Amino acid sequence: MVAADQLNEVDRALQESPPAAATLAMASADASVAPAAPVMASSNVNSTWDETSLIGKIFIGFGALLTMASAARMFMA
């Protein structure tokens, strides 16, 4: 157990900075590699909006309308 005001190994590792030459070598190596295309997890995943009932969607819409009206009223005041 380490006191709150003392540094432990993790704190010391975070404070150490990597050498500049290694950083430059990593940056040049990363620049030559093309980024990978994003991967979709699954095509049959239902979103929360798809699982919400009609009355829930009405309440969400009404809440958004009230929020926008309140914001507009604040800007006009």
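What pattern does the chain follow when read along the sequence? In this predicted model, the answer is α-α-α-α. That comes down to 4 helices and 0 strands in the chain.

Confidence is a mixed bag here. The chain has a mean pLDDT of 75, with 57% of its residues at 70 or more. Broken down by element, helix H2, covering residues 20-31, sits at the bottom with a mean of 54, while H4 comes out on top at 94.

As for burial, there is little to report: of the 77 residues in the chain, buried ones make up 1%. The chain exposes about 7,400 Å², and 67% of that area is supplied by carbon and sulfur atoms.

Some of the nonpolar surface can be pinned down to particular side chains. Leu54, Ile55, Ile58 and Phe59 form a nonpolar patch on the surface, and together these four residues account for about 460 Å² of accessible area. Ile55, one of the patch members, belongs to helix H4, which spans residues 54-76. That places Ile55 in the helix where confidence is highest. How buried or exposed is Ile55? Its relative accessible area is 49%, so Ile55 counts as partly exposed, given that the exposed class takes in values over 50%.

Methods:
Residues are numbered from 1 along each chain as its sequence is written. This is a predicted model: local features need pLDDT of at least 70, side-chain atom pairs count only at pLDDT 80 or more; totals for chains, interfaces and linings use all residues. Side-chain values use heavy atoms; hydrogens and water are left out. Patches are made of residues with over 30% relative accessible area and no salt bridge: like charges are joined within 9 Å, nonpolar side chains (Val, Leu, Ile, Met, Phe, Trp, Tyr) within 5 Å. Accessible areas come from the Shrake-Rupley method with a 1.4 Å probe; for residues, only the protein chains shown count as cover. Helices (H or I, at least four residues) and strands (E, at least two) are DSSP runs, numbered from the N terminus. Buried means under 20% relative accessible area, exposed over 50%, partly exposed in between (1.4 Å probe, protein chains only). pLDDT is the predictor's confidence in each residue, from 0 to 100.
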